[in-house]
Amino acid sequence: MKARVHVMLKNGVLDPQGEAVRHALGSLGFDGVEGVRQGKVIELDLAEGTTDATINEMCEKLLANTVIESYQVEVL
């Protein structure tokens, strides 16, 4: 089974990478981009029967810094 974890900075946390991308898009002539948030996607190949609780535990312990990041799990 596969799972995809989307990790993003929480609202209110400064995102310097996103701001750099927003600035670069403006420099390239893409007007109207008011904000960019950059995150990461982690794809996991898991043994059949791995529970949602186990995947969430992986996220809480390693894959996301839950102080400043939120995550969403998508089981494929």
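How much accessible surface does the protein chain have, and what share of it belongs to carbon and sulfur atoms? The surface of this predicted model comes to about 5,400 Å², and carbon and sulfur atoms account for 55% of it. Keep that in mind as we walk through the structure together.

Let's begin with the overall plan. The protein chain has 2 helices and 3 strands. If you start at the N terminus and follow the chain, the elements come in the order β-α-β-α-β. Try tracing that pattern in the picture above before reading on.

Now for the overall dimensions. Taken along the principal axes, the box filled by the C-alpha atoms of the protein chain is roughly 50 × 25 × 15 Å. A compact globule of 76 residues would have a radius of gyration near 11 Å, but for the protein chain the value is 16 Å. Of the 76 residues, 20% are buried. Here, buried means that a residue has under 20% relative accessible area.

Which parts of the chain touch each other? Among contacts with a separation of 6 or more, 69% are between residues 24 or more positions apart. Charges can be looked at in a similar overall way: the protein chain has 7 positive and 12 negative charges, and the mean positions of the two groups are 3 Å apart.

Next, look at helix α1, which covers residues 16–27. How far apart should the ends of its 12 residues be? At 1.5 Å a residue the helix should span 16 Å, and its end C-alpha atoms are indeed 16 Å apart, so the two values agree. After α1 comes Gly29, with a positive phi near 95°.

Within helix α1 you can find Leu25. Is Leu25 buried or exposed? Neither word fits, because its relative accessible area is 26%, and Leu25 is therefore partly exposed. Beyond its neighbours within four places in sequence, Leu25 is in contact with Phe30, Val33 and Val36. Take Val36 as an example: it is 11 residues from Leu25 in sequence, and their C-alpha atoms are 9.8 Å apart in space.

Continue into the loop between α1 and β2 (39–45), where Gly35 lies. With a relative accessible area of 52%, Gly35 is exposed, since exposed means over 50%. Gly35 and His23 are 12 residues apart in sequence, with 9.2 Å between their C-alpha atoms.

Two other loops are worth a visit. Lys10 sits in the loop between β1 (2–9) and α1, and its relative accessible area of 32% makes Lys10 partly exposed. Which residues does Lys10 contact, leaving aside its neighbours within four places in sequence? They are Arg37, Thr66, Val67, Ile68, Glu69 and Ser70. Arg37 is 27 residues away from Lys10 along the chain, and 9.7 Å separates their C-alpha atoms.

Val67, one of those contacts of Lys10, belongs to the loop between α2 (52–63) and β3 (69–75). At 68% relative accessibility, Val67 counts as exposed. Along the chain, Val67 and Leu9 are 58 residues apart, while the distance between their C-alpha atoms is 9.3 Å. Find Val67, Leu9 and Lys10 in the structure, and you can follow for yourself how the loop after α2 meets the loop after β1 through the contact between Val67 and Lys10.

Note on methods
Residues are numbered from 1 along each chain as its sequence is written. This is a predicted model: local features need pLDDT of at least 70, side-chain atom pairs count only at pLDDT 80 or more; totals for chains, interfaces and linings use all residues. Side-chain values use heavy atoms; hydrogens and water are left out. Helices (H or I, at least four residues) and strands (E, at least two) are DSSP runs, numbered from the N terminus. The expected span of a helix is 1.5 Å times one less than its number of residues. The radius of gyration is taken over C-alpha atoms; the globule rule is 2.2 Å times the number of residues to the power 0.38. Buried means under 20% relative accessible area, exposed over 50%, partly exposed in between (1.4 Å probe, protein chains only). Contact means heavy atoms within 4.5 Å. Accessible areas come from the Shrake-Rupley method with a 1.4 Å probe; for residues, only the protein chains shown count as cover. Lys and Arg count as positive and Asp and Glu as negative; His and the chain ends are not counted. The place of a charge is taken as NZ of Lys, CZ of Arg, CG of Asp or CD of Glu.
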